[in-house]
Amino acid sequence: MTSPRQRYERDPRVDDYIARLPKWQQEICRQLRDLIHAADPEVTETIKRAVQPYFVLQGNVCALLAAKDHVNLFLYDGAIVPDPEGIITAGHTNKTARTVSFRQGATINRRPLTAMLKQIIANNRAGGWRKLKRP
C-alpha cells in the first residue's frame with residue numbers, strides 16, 4: 001500500500017540515491033522516508049559516507065542502504081530501544097546500530113517501527129544513547 005507523499009524538506013542527493021534503485025527498492029525507500037519524517041517533523045535528511053542517506057535529529061536516527069536483494073534501515077540506538085515485536089533482523093548485540101531489512105514484497109510494520117524511531121529521537125534529545133547507556 002502506497003501512502004500519499006508527505007511534505008518535508010527533501011535532500012536532492014537522497015532523491016538521486018533512491019532514483020537509481022530498482023522500482024521495488026524505490027518504493028520501500030520512499031515509504032521508509034515518509035515514515036521517518038512522520039515520526040518527527042524536525043528530522044532532516046542528508047548524505048553521509050559519500051552516498052548513504054542518513055536521517056538526523058540531534059544525532060543519527062537511522063540510515064538507508066539498498067543491497068542487491070533487500071533494503072536495510074539502520075537504527076542508531078545503541079541497542080537500548082525495546083523491540084517487543086521482533087522487527088530487528090540483524091545487529092541485536094551491535095553497540096551502535098541495529099538493522100531492519102526489507103525484501104521485495106515485504107510489508108513495513110509501521111506501528112512498532114514508528115515507536116522505535118520516536119524513542120531514538122527522544123533519546124537523542126536527552127543526550128543520545130551513549131549518554132543514556134552509561135551506568
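## Chat about a predicted model

Student: How many disulfides are there in this one?
Tutor: The count comes to 0 disulfides. Keep in mind that this is a predicted model.

Student: Why is C29 not bonded to C62?
Tutor: The closest cysteine sulfur to that of C29 is in C62, and it is 11 Å away, so the gap is too far for a bond. A disulfide needs the two sulfur atoms within 2.5 Å.

Student: And C62, what is its nearest cysteine sulfur?
Tutor: That of C29, 11 Å away. C62 is in no disulfide.

Student: Are these two cysteines buried or exposed?
Tutor: C29 is buried, because its relative accessibility is 0%. C62 is buried as well, with a relative accessible area of 0%. The cut-off for buried is under 20%.

Student: New topic. How are the strands arranged?
Tutor: There are 5 strands in an open sheet. Their order is 1-2-3-4-5, and the pairing is antiparallel.

Student: Which strands stand at the edges?
Tutor: Strand 1 (44–48) and strand 5 (97–103). Each has a single partner strand, so one side of each has no neighbour in the sheet.

Student: What about the twist?
Tutor: It averages 25 degrees from one strand to the next.

Student: What joins strand 4 to strand 5?
Tutor: 7 bridges do, with the two strands running antiparallel. Strand 4 covers residues 70–76. One example is V71, whose bridge partner in strand 5 is F102.

Student: Which helices pack on the sheet?
Tutor: Helix 2 (residues 23–39) packs on it and touches strand 1, strand 2 (52–56), strand 3 (60–66), strand 4 and strand 5. The direction of helix 2 makes about 20 degrees with that of strand 4. Helix 3 (residues 110–125) also packs on the sheet, touching strand 3, strand 4 and strand 5. The direction of helix 3 makes about 135 degrees with that of strand 3.

Student: Back to helix 2. What span should it have?
Tutor: Helix 2 has 17 residues, so at 1.5 Å a residue it should span 24 Å. Its end C-alpha atoms are 24 Å apart, which agrees.

Student: How many of its residues are buried?
Tutor: In helix 2, 13 of the 17 residues are buried, so the helix is largely enclosed by the rest of the structure.

Student: And strand 4, how many there?
Tutor: In strand 4, 7 of its 7 residues are buried. Both of its faces are covered. H70, N72, F74 and Y76 are on one side, and V71, L73 and L75 are on the other.

Student: What links strand 3 to strand 4?
Tutor: 5 bridges, and the two strands run antiparallel. L65 has N72 in strand 4 as its bridge partner. Strand 3 and strand 4 form a hairpin, with 3 residues between them.

Student: Now N123. Where does it lie?
Tutor: N123 lies in helix 3. It is buried, with a relative accessible area of 10%.

Student: Which residues does N123 touch?
Tutor: I80, V81, G128 and L132, not counting residues up to four places away in sequence.

Student: Last one. What is the confidence like?
Tutor: The mean pLDDT of the protein chain is 93, and 95% of its residues reach 70 or more. Confidence is highest in strand 3, at 98. It is lowest in helix 4 (residues 129–133), at a mean of 89.

Key
Residues are numbered from 1 along each chain as its sequence is written. This is a predicted model: local features need pLDDT of at least 70, side-chain atom pairs count only at pLDDT 80 or more; totals for chains, interfaces and linings use all residues. Side-chain values use heavy atoms; hydrogens and water are left out. Buried means under 20% relative accessible area, exposed over 50%, partly exposed in between (1.4 Å probe, protein chains only). Two strands pair if DSSP finds at least two bridges between them. Helices (H or I, at least four residues) and strands (E, at least two) are DSSP runs, numbered from the N terminus. Axes are lines fitted to C-alpha atoms, for helices over the stretch in contact, and angles run from 0 to 180 degrees between N-to-C directions. Contact means heavy atoms within 4.5 Å. The expected span of a helix is 1.5 Å times one less than its number of residues. pLDDT is the predictor's confidence in each residue, from 0 to 100.
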